[in-house]
Amino acid sequence: MQGKRIGKQTVAFASPPTIIAAATVVGPMENKGPLSGKFDRVMPDSLDGEQTWEKTESKMIKDAVKQAIAAAKLTEADIDFLLAGDLLNQLSASNYAARDIPIPLIGLFGACSTMALSMAVGSMLIDGGFANRVVAAASSHHNTAERQYRYPTELGTQRPMSAQWTVTGAGATLLAQTGYGVKVTHATLGKVIDLGESDAANMGAAMAPAIADTLICHLRDLGIGPDAYDLIITGDLGKVGMAITKDLMYRAGYALVNYSDCGVLIYDPSQDTHAGGSGCGCSAVVMNGHILKELMAGRLNKVLFIGSGALLSPTSSQQGESIPSVGHAVALQRPS
Amino acid sequence: MDEKRDSIESAARDAQQLSSWAEADSGVGLGQQKVMQLSLQDNQKQQQKKQAKLPEPLQSLVDLVGPDQPKGQLISPGEPKLTPQMYKQIADEYKPKPTLLKNCIWAFVVGGLICVIGQIVSNILAHYGLDGNDGASLTSVVMIFLGALLTGLGVYDEIGKRAGAGSIIPITGFANSMVAPAMEFKREGFVFGVGAKLFTIAGPVLVYGITASFIIGLIKFIVR
Amino acid sequence: MFNMIIPAFLVGGVLCVIGQLLMDLTKPAITPAHVLVTYVTAGAILGGLGWYKPLVQIAGAGATVPLTGFGYALAKGVMEGVTKNGLVGVFTGGVQAAAAGITAAVVFGYLAAALFNPKG
């Protein structure tokens, strides 16, 4: 083990991998939110010149990955692995995108936690000496996810107040063994937890226990409190899940104050998304478009990013199954 | 050798990296900071509320997981200390209530108005001598046409977002439930896309409606 | 031309509010599709019992435009069919009465789906 494992679930990187570049692609709605102007590319509409929304989503991943590589002034030949995932069946968005990216692909499914999962696994590959540079990416598209998981977009249904809006966005992070940038110091991979919530329109409540579990595990493994971080940011719990997480953490003896959520940050309340954003793309674009920049600018020193994933399938939710959920955490530190 | 060259290259790249990050940082969204502040204030408020309710945080933990459990052990694998029953209570506390009154007013007004349109259509048809069964059939045909057209134009889902049942229950909503999936799955072809998806919601409606009518007919036939 | 407008508005509105309450107050498992199925079946049963007809006479389109009206049409049709054709009517009456609606829904549905594209 060479002492890289701490406690039950946490890995500490001996030579922390560096995020040397990042890129984001979003839809028009995401760019109208509070993070407007933070993204590298904004698509003019939901199709962006493609025939189907599925093709658009593949193109978004491709664009984000290529842009991240270009931003580091590297070429695809310099990258050892691409770690990517999305919400579609058989990871089709990532797989189809990877047709045009000559980098070995490791497809990952962590539902909306995919960005954190791919960053964690990518960092392990680098610190383990299996790769020099990897690209971690995740994407989601509002319309492909809606039609797969819920209803056709033109059906006149009412969304409950706890429902979240799938973000149209893709983000890519370029991790390298050396370089200048934000360091990934620790990663805590989470257990799958299911406390019986079965309402697919209330995923925040389904994911909150998994997030609380991973967060408690991380803090206990490292023997620190939540105040060791300037910001603890969860993936896409939304307003409801965020409130529950704070409650659970309080019950466990931790007061979360310096805490926020990508799903809450990405949309303005006036955008009528109800509980906030969700989807792989949500945390991918908020982390890569905003939080990393805040770290680089020195406005944040240490951030714990916990991606949250609701591992439901359309079949399982039709069969009335509850929603298993998972949280994966990566600790980020600004360059010194 | 290679390693050395790599490190020189990467040092050169690092220098460039500095500038590329600086470029990326040029725009700071003020709106963002406001949202962040709001959510931090929110956190503090919730904390205070909780503290008022539970004088000592650990007290509550002991209640939940038993006195033997060390601090922080809220949930452990295999055997969750936080049972689904307990969790349901916590989660329900935070579940936003549907805006029931508002939803009902919207449903009432929009549903009523759609029926008024139906009544006007039926009155006009009656004026031209089409009443009784034929009039009723033609009225449904016109309403279905309107529902399908508004769905195609992308208007019906906007109405439905507010009106809920007010636009689902009228027969225009039945048309919407056929067109919406069919249109969306057109990209999967005209047989398995349009043809099959027309009946995702309409299918069950026809199945239960026709079966019910069959049973009613059978009873009527037997007791006649 | 403006006959029965007010009763149509009131009865149609109330039927929709009942549906709204069904969706908002029950488990999330009750989807719009469940509500539609319930309404058709309820309309057919009420029609079969003869209880829906007075509502149609009072409210006109307020009772026939909501999907309960579709169920009522099926029930009314099958009962007329049985009176006219006996056992064959059990099979033909309902759908015959609703044929215009079903055909319109299929044809207009197909056309709309073929002509328009979803906006997302």
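A residue is counted as buried here if 20 or more other C-beta atoms lie within 10 Å of its own C-beta atom, and this cut-off is the one to keep in mind while following the predicted model shown above. Met4(C), which lies in the segment before α1 (5–25) of chain C, has 20 C-beta neighbours inside 10 Å and therefore counts as buried. Its backbone also deserves attention, since the phi of Met4(C) is near 60 degrees, a positive value in a residue other than glycine.

Chain A offers another residue with such a backbone angle, namely Gln90(A), whose phi is positive at about 55 degrees although it is not a glycine. Gln90(A) is found in the loop between β5 (81–85) and α2 (92–98) of chain A, and, because 10 other C-beta atoms lie within 10 Å, Gln90(A) is classed as exposed, whereas Met4(C) is buried.

Elsewhere in chain A, the reader may turn to strand β14 (residues 302–310), of which eight of the nine residues are buried, so that β14(A) is largely enclosed by the rest of the structure. Strand β11 (residues 231–234) of chain A pairs with β14(A) in the parallel sense over four bridges, and within this pairing Ile232(A) has Leu304(A) as its bridge partner in β14(A). Strand β15 (residues 325–333) of chain A also pairs with β14(A), in this case in the antiparallel sense and over nine bridges, with Val303(A) standing opposite Leu332(A) of β15(A).

Leu332(A) leads on to Val182(A), since Leu332(A) is among the contacts of Val182(A) once neighbours within four places in sequence are left aside, a list that also includes Ile19(A), Leu292(A), Met296(A) and Pro335(A). Val182(A) lies in strand β10 (residues 182–188) of chain A and is buried, because 27 other C-beta atoms lie within 10 Å. Although Val182(A) and Lys302(A) are 120 residues apart in sequence, their C-alpha atoms are 9.6 Å apart in space.

Finally, the contact between chains B and C can be considered, where 68 residues of chain B are in contact with 67 residues of chain C. On the side of chain B that touches chain C, at least two residues each are supplied by α5 (100–127), α6 (132–152), α8 (165–168), α9 (171–184) and α11 (199–223) of chain B, and the largest share, 18 residues, comes from α5(B). By residue class, this side of chain B divides into 44 nonpolar, 20 polar and four charged residues.

How values were computed
Residues are numbered from 1 along each chain as its sequence is written. Chains are lettered from A and ligands numbered from 1 in the order in which they are written. This is a predicted model: local features need pLDDT of at least 70, side-chain atom pairs count only at pLDDT 80 or more; totals for chains, interfaces and linings use all residues. A residue is buried if 20 or more other C-beta atoms lie within 10 Å of its own, exposed if 12 or fewer, and partly exposed in between; C-beta atoms are placed from the backbone. Two strands pair if DSSP finds at least two bridges between them. Two residues are in contact if their C-beta atoms, placed from the backbone, lie within 7 Å. Ala, Val, Leu, Ile, Met, Phe, Trp, Tyr, Cys and Pro count as nonpolar, Asp, Glu, Lys and Arg as charged, and the others, Gly among them, as polar.
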